[in-house]
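Q: Hi! I've just opened this one and haven't looked at it before. Could you walk me through it?

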Amino acid sequence: MADDYLVRIGKLIRDARQHRGWTQTQLAEALGTSQSAVNRIERGNQNISLEMIARIGEALDSEIVSLGYAGPMHLRVVGGRRLSGAIDVKTSKNACVALLCASLLNKGRTVLRRVARIEEVYRLLEVLNSIGVRTRWINDGVDLELIPPAVLDMDAIDAEAAVRTRSIIMFLGPLLHRMEQFRLPYAGGCDLGTRTIEPHMIALRRFGLDITATEGIYHAKVEPGVAPDCPIVLTERGDTVTENALLAAARHDGVTVIRNASSNYMVQDLCFFLEALGVKVEGIGTTTLTVHGLPVIDADVDYSPSEDPVEAMSLLAAAVVTESELTIRRVPIEFMEIELAVLEEMGLDHDRSAEYVADNGRTRLVDLTVRPSKLEAPIDKIHPMPFPGLNIDNVPFFAAIAAVAQGQTLIHDWVYDNRAIYLTDLNRLGGRLQLLDPHRVLVEGPTRWRAAEMMCPPALRPAVVVLLAMMAAEGTSVLRNVYVINRGYEELAERLNSVGAQIEIFRDI
């Protein structure tokens, strides 16, 4: 068997094992072999028979390989089914990726609890492993342990994994304190139009960072001794921009004031994590953050990121479009209040429990029960605003919700260059959406959904919106190449099936 096939199969086995939440030792025990043998197989350094591939596939409950490259994952959806019961919201994707980047600040052991097991996290772990960070899933694959090396090997960075995630840009803040020059691949992620890194650079130049871009690579140089001498004013109140500024400020030996900062959920979780590392952060939840940095951070830290408000919105939208009664547990209500206020005006019938505290000890949670409702289109347009406004990533779900409401709804997605365009894919499923310009869509409801077969939009939230519409459409739909959904949601199809959906995962032979 050619070496390149051994490497490909090894990567497939590793990915399947990680999805199952197993360590190499656990897989070795199931196969009756050694951990070192599993390690060699996953690295492509050991010949492997078809019989062993079949045994591994059976142990991991996963089709490992179908002679050559594994085909893309697709979903077959039998729609028109009502959901019922209760479903828990998973931890925040955006918080988890920020905390993985933030672990580079720490010389000690970092443990993150209930980390989202999603493709975005796996790509970052591949990058971290490639530069020398030791990572392993612990406690039956629920939690993640990270131990950095004394010196990061940036020349060995896994560029293929790095370019598949825009989160790699948040390496800039931690790395500028660790080395005077380094290279990073261009950031990737969702196809949402042109997204400049200039707002990041306006903040990071104040710490001595200078970047030139050539042939798909950011070449970074750090001028020693440069530090902010007055407040940093962000030109964009962006989440990752604020996080990068926070990461740079955390190891600056002094006080950094960041103004026009995002106060969104993932930024707050990052602030709480920095406090666990010993960094003092004032103004959490506001647009002015004051960071008392530490030149050296060497702590054994244990942190639990909070739940994901965008996933909560996804599950709420699933209940609305399928006309179901569903209880969504562990909803971070502080980051859903505007969305619920809009839905209440539209006529949503729902109850919420008393508030309780998330595992991070700070974020407020509720259990939310949604019931079938006769919705009316909102009088005002739906548009995002920085927190505490309607969340930017929750806007697409209002396209599906508006499609089942009586009347016309104007959705103005002003942040991204072309995300609104992808919402018109709902027309393939019976929707009546008119694209007014690259940022505005007019939705006419109510909709009689119909089944269809289509490719997954290349942007995460619009892709999930299409899936939800398929769940509402009578008949069988097919959504092809759903990698983008797996970037942001952990086992979404299986979890929706647990409350009554009928979604089958399959691959091409």
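Q: Let's start with contacts. Among those between residues at least 6 apart in sequence, what share joins residues at least 24 apart?
A: That share is 73% in this chain. Keep in mind that the model is a predicted one.

Q: Thanks! How many helices and strands does the chain have?
A: There are 18 helices and 23 strands.

Q: And what radius of gyration does the chain have, next to that of a compact globule?
A: The chain has 23 Å, and a compact globule with 509 residues would have a value near 23 Å, so the two agree. Along the principal axes, the C-alpha atoms fill a box of roughly 65 × 60 × 45 Å.

Q: What percentage of the residues is buried?
A: Buried residues account for 56% of the 509. As for the accessible surface, the chain has about 20500 Å², with 47% of that belonging to carbon and sulfur atoms.

Q: Switching to a strand: how many residues of β14 are buried?
A: Strand β14 covers residues 326-332, and 5 of its 7 residues are buried, so the strand is mostly covered by the under 20% cut-off for relative accessible area.

Q: Which way does β2 run relative to β14, parallel or antiparallel?
A: Parallel: 3 bridges join β2, residues 86-88, to β14. In one of the pairs, alanine 86 has threonine 327 of β14 as its bridge partner.

Q: What about β17 and β14, parallel or antiparallel?
A: Those two pair in the antiparallel sense, over 5 bridges, with β17 spanning residues 364-371. Here proline 332 has leucine 365 of β17 as its bridge partner.

Q: Now a helix. How far apart are the end C-alpha atoms of α12?
A: They are 18 Å apart. That agrees with the expected span, because 13 residues at 1.5 Å a residue should span 18 Å. This helix, residues 309-321, is mostly covered, with 13 of its 13 residues buried.

Q: What goes on at the start of α12?
A: A side-chain oxygen of aspartate 308 reaches to within 2.9 Å of the backbone nitrogen of valine 310. Past the helix comes glutamate 323, with a positive phi near 55°.

Q: One last spot: where is aspartate 380?
A: Aspartate 380 sits in the loop between β17 and α14, the latter being residues 395-403.

Q: Is aspartate 380 buried or exposed?
A: Aspartate 380 is exposed, because its relative accessible area is 60% and the cut-off for exposed is over 50%. Its C-alpha atom is separated by 9.4 Å from that of valine 342, although the two residues are 38 apart along the chain.

Conventions:
Residues are numbered from 1 along each chain as its sequence is written. This is a predicted model: local features need pLDDT of at least 70, side-chain atom pairs count only at pLDDT 80 or more; totals for chains, interfaces and linings use all residues. Side-chain values use heavy atoms; hydrogens and water are left out. Buried means under 20% relative accessible area, exposed over 50%, partly exposed in between (1.4 Å probe, protein chains only). Helices (H or I, at least four residues) and strands (E, at least two) are DSSP runs, numbered from the N terminus. Two strands pair if DSSP finds at least two bridges between them. The expected span of a helix is 1.5 Å times one less than its number of residues. A polar contact is a pair of N or O atoms within 3.5 Å; within protein, one must be able to donate a hydrogen and the other to accept it, and residues adjacent in sequence count only if both atoms are side-chain atoms. The radius of gyration is taken over C-alpha atoms; the globule rule is 2.2 Å times the number of residues to the power 0.38. Contact means heavy atoms within 4.5 Å. Accessible areas come from the Shrake-Rupley method with a 1.4 Å probe; for residues, only the protein chains shown count as cover.
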